[in-house]
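Let's walk through this structure together, one feature at a time. Please keep the sequence and the model side by side as you read.

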Amino acid sequence: MGERLADAVARELREETGLVGEVGALVGVFEFLSQGHHLVVLDFLVEVVGGDLTAADDADAVAWMTRAELEGVATTGGLLAFLDSHGVELAP
């Protein structure tokens, strides 16, 4: 409550990954429906400017991935299509 979206994005990035970022424009909005949940995700463009990539205590691991690597792991349904439809480019 009372936290601006950009501030929340920067804080969550730092808490969940150890990275410091400058929050840019809203890239898009994604709705995810599952049993008992309705999530509305706001995706922002963020430029990483510091920190060390580290998994938070609620994750087993964290990693930078190319597009090919990302295609080989389980992600939230529709993630790659969302990135494509919003012009987000991943390293080949």
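Helices (H or I, at least four residues) and strands (E, at least two) are taken as DSSP runs and numbered from the N terminus. With that in hand, leucine 26 can be placed in strand 1. This is a predicted model, in which local features need pLDDT of at least 70 and side-chain atom pairs count only at pLDDT 80 or more, while totals for chains, interfaces and linings use all residues. Residues are numbered from 1 along each chain as its sequence is written, and side-chain values use heavy atoms, with hydrogens and water left out.

How much of leucine 26 can be reached from outside? Its relative accessible area is 46%, so leucine 26 is partly exposed; the class lies between buried (under 20% relative accessible area) and exposed (over 50%), using a 1.4 Å probe and protein chains only. Leucine 26 also belongs to a nonpolar surface patch, together with Leu5, Val29, Val40 and Leu42. Such patches are made of residues with over 30% relative accessible area and no salt bridge, where nonpolar side chains (Val, Leu, Ile, Met, Phe, Trp, Tyr) are joined within 5 Å and like charges within 9 Å. The five residues have about 440 Å² of accessible area together, by the Shrake-Rupley method with a 1.4 Å probe, where for residues only the protein chains shown count as cover. Strand 1 and strand 2 (37–51) are the elements that give two or more residues to this nonpolar patch.

Now turn to helix 1, which covers residues 5–17. Its 13 residues reach 18 Å from the first C-alpha to the last, close to the expected 18 Å; that expected span is 1.5 Å times one less than the number of residues. Ala8, Ala10 and Thr17 are the buried residues of helix 1, and they pack against strand 1, with contact taken as heavy atoms within 4.5 Å. After helix 1 comes glycine 18, with a positive phi near 80°.

Strand 1 takes part in an aromatic pair as well. There is 1 aromatic pair in the structure; rings of Phe, Tyr and Trp (its six-membered ring) pair if their centres lie within 6.5 Å, and planes under 30 degrees apart count as stacked, over 60 as edge-to-face and the rest as tilted. Here the ring centres of phenylalanine 30 and phenylalanine 82 are 5.9 Å apart and the planes stand at 70°, so the pair is edge-to-face. Phenylalanine 30 sits in strand 1 (residues 19–34) and phenylalanine 82 in helix 3 (residues 79–85), so that distant parts of the chain, 52 residues apart, are linked. Phenylalanine 30 is partly exposed at 21%, whereas phenylalanine 82 is buried at 8%.

Finally, look at the charged side chains. The count is 5 salt bridges, each a side-chain nitrogen of Lys or Arg within 4 Å of a carboxyl oxygen of Asp or Glu. One of them joins aspartate 84 to arginine 67, with the closest N and O atoms 2.7 Å apart. Aspartate 84 lies in helix 3 and arginine 67 in helix 2 (residues 67–71), so this pair ties together parts 17 residues apart in sequence. Elsewhere, salt bridges with shared partners join Glu3, Arg11, Glu12 and Glu15 into one network.
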